[in-house]
Amino acid sequence: RSLNYADRFKKSVKKLILASPPIYKKEELEHPAFKEGIKVFEKFVGSRHKGAEQKKQFGCSMKNIVLSTKNYDVLSKLTTKTVILYGELDKFISAKNIEDIAKKNAKHISAIKTIGNHPMSRDKYHKLVPILEEVLNETV
């Protein structure tokens, strides 16, 4: 959602930091193997959410964030200074897509690969803080 906000309100957002964003191309999202993997993931995570409201929120997050066909295109064209942080062991994102976008839109997008997996802050907090400090202290 922060990506959509930055795209919509370009004048008010000066800098954007994304951590492990799900950036997939439309053809990846439409691939049968990807769809099947998502079904298994939704079934597994959905079984942990007992309440109807939790299931609804999870489904909304999956649809609007993880499975959005717009994320790749919006990020490719974004003119807001953006830093993407992702863990080198993250199996839930497409590191290749992040690196491709950073190359295509190098003027506005930079990608920083750090040690860790998807929840970078949980397992490598001591390494993430200095990176965030540096990014936040940069002038736009």
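## A guided tour from serine 94

Begin by selecting serine 94, which lies in the loop between S2 and H6. The model is a predicted one. With a relative accessibility of 13%, serine 94 counts as buried. Now add tyrosine 24 to the selection and draw the C-alpha to C-alpha distance: serine 94 and tyrosine 24 are 6.7 Å apart in space, although 70 residues separate them in sequence.

**The whole chain**

Before going further, display the full cartoon. The protein has eight helices and three strands. Read from the N terminus, the order of the elements is α-β-α-α-α-α-β-α-β-α-α. Colour by accessibility next; of the 140 residues in the protein, 33% are buried.

**The strands**

Select strand S2, residues 81-87. Six of the seven residues of S2 are buried, and the strand is thus mostly covered. S2 has a partner in S1, to which five bridges join it, and S1 and S2 run parallel. To see one position of this pairing, select alanine 19 and leucine 85 of S2, which stand opposite each other.

Then turn to strand S3, residues 109-114. S3 is joined to S2 by six bridges, and these two strands also run parallel. Follow the backbone from the end of S2: the chain passes through helix H6, residues 95-104, to reach S3. This β-α-β crossover is right-handed. Two positions of the S2 and S3 pairing can be picked out. Isoleucine 84 stands opposite alanine 111 in S3, and glycine 87 has threonine 114 of S3 as its bridge partner.

**The aromatic pairs**

Show the aromatic side chains. How many aromatic pairs does the structure hold? It holds two. For one of them, select tyrosine 5 and phenylalanine 9: the ring centres are 4.7 Å apart and the planes stand at 40°, so this pair is tilted. An angle between 30 and 60 degrees places a pair in that class. Tyrosine 5 is partly exposed at a relative accessible area of 45%, and phenylalanine 9 is likewise partly exposed, at 33%.

For the other pair, return to tyrosine 24 and add phenylalanine 34. Their ring centres lie 4.9 Å apart with the planes at 65°, so the pair is edge-to-face. Tyrosine 24 sits in the loop between strand S1 (15-19) and helix H2 (26-30), whereas phenylalanine 34 belongs to helix H3, so the pair ties together parts that are 10 residues apart in sequence. Is tyrosine 24 buried or exposed? Its relative accessible area is 9%, and tyrosine 24 is therefore buried, because the cut-off for burial is under 20%. Phenylalanine 34, at 22%, counts as partly exposed.

**The largest pocket**

Keep tyrosine 24 selected and display the surface. The largest pocket has a volume of about 320 Å³. Which residues are the closest to its centre? They are Tyr24, Ile38, Phe41, Val66 and Phe92, out of 11 residues that line the pocket. Select helix H3, residues 32-48, next: H3 gives the most to this lining, with four residues. Finally, colour the lining by residue class, which shows seven nonpolar residues, three polar and one charged.

The tour may end at tyrosine 24, which is a member of the edge-to-face pair with phenylalanine 34 and is among the residues closest to the centre of the largest pocket.

Conventions
Residues are numbered from 1 along each chain as its sequence is written. This is a predicted model: local features need pLDDT of at least 70, side-chain atom pairs count only at pLDDT 80 or more; totals for chains, interfaces and linings use all residues. Side-chain values use heavy atoms; hydrogens and water are left out. On a 1 Å grid over the protein atoms alone, a cavity is a set of points where a 1.4 Å probe fits but cannot get out, and a pocket is an open set with protein on both sides within 12 Å along at least five of seven lines; lining residues have an atom within 4 Å of a point. Grid points are joined across faces, edges and corners, and a volume is the space filled by probe spheres set on the points. Ala, Val, Leu, Ile, Met, Phe, Trp, Tyr, Cys and Pro count as nonpolar, Asp, Glu, Lys and Arg as charged, and the others, Gly among them, as polar. Two strands pair if DSSP finds at least two bridges between them. A crossover is right-handed if, with the strands pointing away from the viewer, the path from the first strand over the helix to the second runs clockwise. Rings of Phe, Tyr and Trp (its six-membered ring) pair if their centres lie within 6.5 Å; planes under 30 degrees apart count as stacked, over 60 as edge-to-face and the rest as tilted. Buried means under 20% relative accessible area, exposed over 50%, partly exposed in between (1.4 Å probe, protein chains only).
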